[in-house]
Amino acid sequence: MKTSITLRVDGEQRSLAIDTRTTLLDALREHLGVTSAKKGCDHGQCGACTVLLDGRRVTTCLCLAVACDGATITTAQGLATGGTLHPVQQAFLEHDALQCGYCTPGQVCSAVAMIEEARAGDPSFVTEGLTAPAELSDEEIRERMSGNLCRCGAYVNIVAAIREAMGQGVRS
Amino acid sequence: MSANSDGGRRPAKPSAGTGVNGLLEPHAMGTSPARMDGAAKIMGTAPYAFEHRFERPVYLHPVQSTIARGRITRIDSRAAESAEGVIAVVTHESAPRLASAENKELWVLQSDEVHFRGQFIAAVIAESPEAAHQAADLVGVEYEAAPHDVSLSVARKDLYAPKTVNAGYPTDTEEGDAEAAFAAAAVKVDATYTTPMEHNSPMEPHTTVALWQPPKLTLFDSTQSVHSVRTTVAKTLGLQVDQIRVISPYVGGGFGSKGEPHAHNILAVLAALRAPGRAVKLALTRQQMFCLAGYRTPTIQRFRLGAARDGQLTSIIHDVVELTSRFREFAEQTAVPTRLMYASPNRRTRHRLAALDLPKPSWMRAPGETPGMFAGEVAMDELAAACGLDPIELRVRNEPARDPESGKPWGNRHLVECLREGARRFSWDQRDPKPRQRIEAGWLLGSGVASSTYPRYILPGSRAAIRLGGEGRYVVRIGAADLGTGTWTTLTQIAADALGCPIDAVKLEIGDTELPNATVAGGSSGISSWGCAIVAAARELRRVHGSRPPPGAEASAETPKDADDNRLAQHSFGAQFAEVRVNAETGEVRLSRMLGVFSAGRIINPRLARSQFIGGMTMGLSMALHEESVIDERFGHVINHDFAGYHIAVNADVANLDAVWLDEVDDRSNPMGSRGIGEIGIVGAAAAIANAVYHATGKRVRDLPITPDKLLV
């Protein structure tokens with residue numbers, strides 16, 4: 001069964017008729033040709049498919065496309081404007097916070113949203129108390145980025161990149 | 001930029017004279033340009049195998065066996081075939097016939113036999129992934145199950161000695177009388193160490209998109225070697241090599257599991273033959289990767305060390321028991337590093353295999369060295385404790401002047417320098433050697449050290465072609481692979497120095513069988529093997545066309561034969577230092593600090609090299625504390641077959657982890673002065689952590705991974 005939906009993807013309005021079983025990830029990759037979000041596990045366990053959906057980070061393999069009708073989606077491709085990398089992306093490049101690159105767009109989207117979550121006062125597992133604003137220490141960054149697996153083991157560089165991007169006042 | 005480009009402090013100078021090929025003058029080499037494919041990968045626009053654009057593709061979903069051994073007695077694909085969107089169902093009854101049964105792993109859908117649980121027994125081709133997936137569930141299968149056997153133990157009566165072990169090493173070696181010397185030793189360590197089944201688990205699933213446009217077959221593949229995929233597929237299918245093109249510009253990690261073609265390559269091709277003109281897309285699911293893409297065998301290693309009271313080794317005995325699949329042999333070379341690490345007049349190493357009804361084990365980052373050095377380096381730590389010696393001092397006292405088994409001179413052995421440099425940086429001299437001495441806020445603190453090593457390989461058979469384009473850029477072509485290793489960047493740097501031009505005057509082309517033949521990105525041999533071919537091609541260009549070649553000038557050359565290969569024992573070495581905290585109540589182990597110091601010849605690109613080293617160390621940490629594929633013996637499969645059940649290190653598991661290297665140039669290795677660095681980072685990492693856990697707790701855990709239960713008993 002197919003249903004018509006509209007998505008705003010990286011600034012572009014896209015309409016498509018989609019099988020109700022199709023995940024948002026497959027809709028992006030197989031129907032819209034947006035392959036920035038990666039499929040690493042299809043079970044919400046690796047984070048490679050992370051995008052910003054209405055400004056929040058989500059694993060698109062766990063979303064059904066039909067349930068996202070009208071959503072605004074930003075992938076790592078869309079974070080770069082006019083070929084210029086987003087400051088978080090630029091910091092990833094400088095710190096070599098990637099090797100094979102397959103988890104990287106998801107890491108970047110996750111980092112951008114994570115910085116915003118902390119700014120909004122969302123606590124993590126390692127935050128002292130639930131009410132005080134969270135200072136993004138290395139420990140906080142590591143904890144909040146742990147939904148994005150990297151088998152190449154670039155974690156220390158990912159933390160360094162995020163730290164540097166934050167130092168430049170990065171907001172999502 | 002990392003702070004590591006300073007390397008170590010040892011002022012290693014290249015020895016007098018140059019190697020057989022003459023050293024390149026480093027201009028681009030040794031600098032740290034950012035990853036050239038970095039921006040595209042960071043935006044997600046670099047196309048991996050599944051992501052190339054295809055006109056009207058179709059999707060393949062496999063059906064897998066639910067028994068571990070036996071025969072298919074009936075397979076009914078009618079319901080699947082009539083499901084909406086289904087194009088065809090391929091089974092062993094309907095699949096095209098293959099030409100070569102030599103590699104049983106690739107003998108896909110050719111018979112009713114089942115060799116392991118999860119084997120491909122059918123596949124559905126459909127217009128959408130959803131339709132293919134749903135129809136795959138509609139294929140009815142009946143079996144005649146046979147009893148399966150998936151239990152590895154040293155007590156098995158059917159353990160056997162393979163003819164050789166991986167990479168062609170002898171199965172057994174013996175010098176002197178190791179048993180007698182061990183029996184007579186003043187100090188002894190006799191312990192059994194185990195490492196579990198582990199899965200490579202690259203983030204990008206194994207993928208093949210196959211397009212059959214008779215007589216041409218095009219494969220978009222996720223592979224560490226386009227040319228070996230082409231050769232193997234051609235042989236298996238009975239096609240000519242030049243009918244096949246394999247394209248793989250970007251690879252989402254491999255760690256050995258994409259080093260050789262697996263069954264999915266053939267399954268995709270069989271389906272493509274059924275759907276000519278349509279690109280057939282197959283990516284294994286994460287669950288399927290746990291039975292169809294290789295893994296590291298579990299090992300049971302009895303390690304015996306005999307020594308004088310001063311720590312001088314008199315006997316080393318390393319007996320390894322591990323597994324292979326019954327249908328095709330793979331013998332990991334686990335005891336091989338024991339043959340070269342330390343001096344001893346008496347030594348024995350042995351490998352024995354159990355052939356089981358399991359998928360075939362294969363290469364996983366530093367096969368042999370990784371599990372073997374876990375056992376050996378923990379045993380050395382145990383010996384140091386037994387002798388009352390500092391573990392670094394013990395290793396220094398047993399430093400061999402020559403390669404112990406072959407008697408060959410070392411090409412470039414700097415293990416002791418690595419240990420000493422690491423000790424200095426890690427403040428090792430402030431360590432109280434007694435275990436269980438430091439406790440802070442309920443956490444026991446300890447530190448440990450281990451050596452690492454990895455052979456220097458250069459594989460024969462790569463060819464590079466260079467042409468000076470009209471716009472004054474050199475086009476350098478070789479079918480090499482970049483699986484995150486940095487090939488796009490480092491080969492460009494090597495080519496620039498070989499051609500005496502800046503890096504932006506080089507346009508590199510890799511990852512395609514249309515390019516000249518390249519050997520596998522495996523055995524940490526890639527940059528050395530391909531780099532040698534590029535240097536040879538550049539020299540050929542100069543020889544034919546002089547120092548100012550005209551536009552259109554071209555030349556090509558192969559990786560030259562290596563005259564030093566048999567004269568010297570060439571290996572990289574390193575030292576790993578770890579500091580851990582162990583929760584005194586729960587047994588939870590947290591890594592707080594880790595440092596690797598490596599000796600690997602010239603470092604081509606420090607920024608990218610550091611990533612390789614710390615990446616290997618991070619995988620070693622993951623091996624030490626987390627990873628274990630658990631076989632359910634009732635059914636013969638890995639039950640924790642996804643990232644929820646098979647934990648790999650996440651960001652929160654890694655703390656202060658860094659790698660540095662000795663500032664050196666290995667003029668005996670190759671014209672770049674380099675050795676490979678893709679694998680050494682994992683070697684010894686788990687042992688350093690296990691030794692740190694012992695130092696923290698006084699408990700010696702010999703079975704990986706070091707989970708809390710093992711510290712609470």
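Leaving aside residues up to four places away in sequence, A495(B) touches Y474(B), V476(B), V506(B), L508(B), I534(B) and A538(B). This alanine belongs to the largest nonpolar core, a set of 284 residues in which A495(B), I534(B) and I689(B) touch the most other members. I534(B) therefore appears twice in this picture, as a contact of A495(B) and, beside A495(B) and I689(B), among the residues that touch the most other members of a core that is, by definition, made of buried residues.

These statements rest on a predicted model, which scores ipTM 0.98 and pTM 0.97. Chain B has an average pLDDT of 95, and 97% of the residues score at least 70. Residues 1-21 of chain B, however, stay under 50 in pLDDT, although the model has 46 contacts for them beyond four places in sequence. Where pLDDT is low, the predicted coordinates should not be read in detail.

Turning to the meeting of the two chains, 50 residues of chain A are in contact with 46 residues of chain B. On the side of chain A that touches chain B, at least two residues come from each of helix 1 (24-31), helix 2 (76-79), helix 3 (87-94), helix 4 (104-119), helix 5 (138-144) and helix 6 (155-167) of chain A. Helix 6 of chain A gives the most to this side, namely five residues. Sorted by character, the residues on the side of chain A that touches chain B are 23 nonpolar, 16 polar and 11 charged.

The backbone of chain B also holds some details that deserve a careful look. The table lists two cis peptide bonds, each with its omega angle and the place of its second residue.

| Cis peptide bond | Omega | Place of the second residue |
|---|---|---|
| P214(B) and P215(B) | about 5 degrees | P215(B): loop between strand 11 (207-213) and strand 12 (216-221) of chain B |
| L704(B) and P705(B) | about -5 degrees | P705(B): loop between helix 14 (685-697) and helix 15 (708-712) of chain B |

Two arginines have a positive phi. R56(B), which is not a glycine, has a phi of about 45 degrees, and R56(B) lies in the loop between helix 1 (38-43) and strand 1 (58-64) of chain B. R56(B) counts as exposed because it has 8 C-beta neighbours inside 10 Å, where the limit for exposed is 12 or fewer. For R436(B), also a residue other than glycine, phi is near 55 degrees, and R436(B) is found in the loop between helix 10 (415-426) and strand 18 (438-440) of chain B. With 16 C-beta neighbours inside 10 Å, R436(B) counts as partly exposed.

Conventions: Residues are numbered from 1 along each chain as its sequence is written. Chains are lettered from A and ligands numbered from 1 in the order in which they are written. This is a predicted model: local features need pLDDT of at least 70, side-chain atom pairs count only at pLDDT 80 or more; totals for chains, interfaces and linings use all residues. pLDDT is the predictor's confidence in each residue, from 0 to 100. Two residues are in contact if their C-beta atoms, placed from the backbone, lie within 7 Å. A nonpolar core is a set of buried Ala, Val, Leu, Ile, Met, Phe, Trp, Tyr and Cys residues joined through C-beta atoms within 7 Å. A residue is buried if 20 or more other C-beta atoms lie within 10 Å of its own, exposed if 12 or fewer, and partly exposed in between; C-beta atoms are placed from the backbone. Helices (H or I, at least four residues) and strands (E, at least two) are DSSP runs, numbered from the N terminus. Ala, Val, Leu, Ile, Met, Phe, Trp, Tyr, Cys and Pro count as nonpolar, Asp, Glu, Lys and Arg as charged, and the others, Gly among them, as polar.
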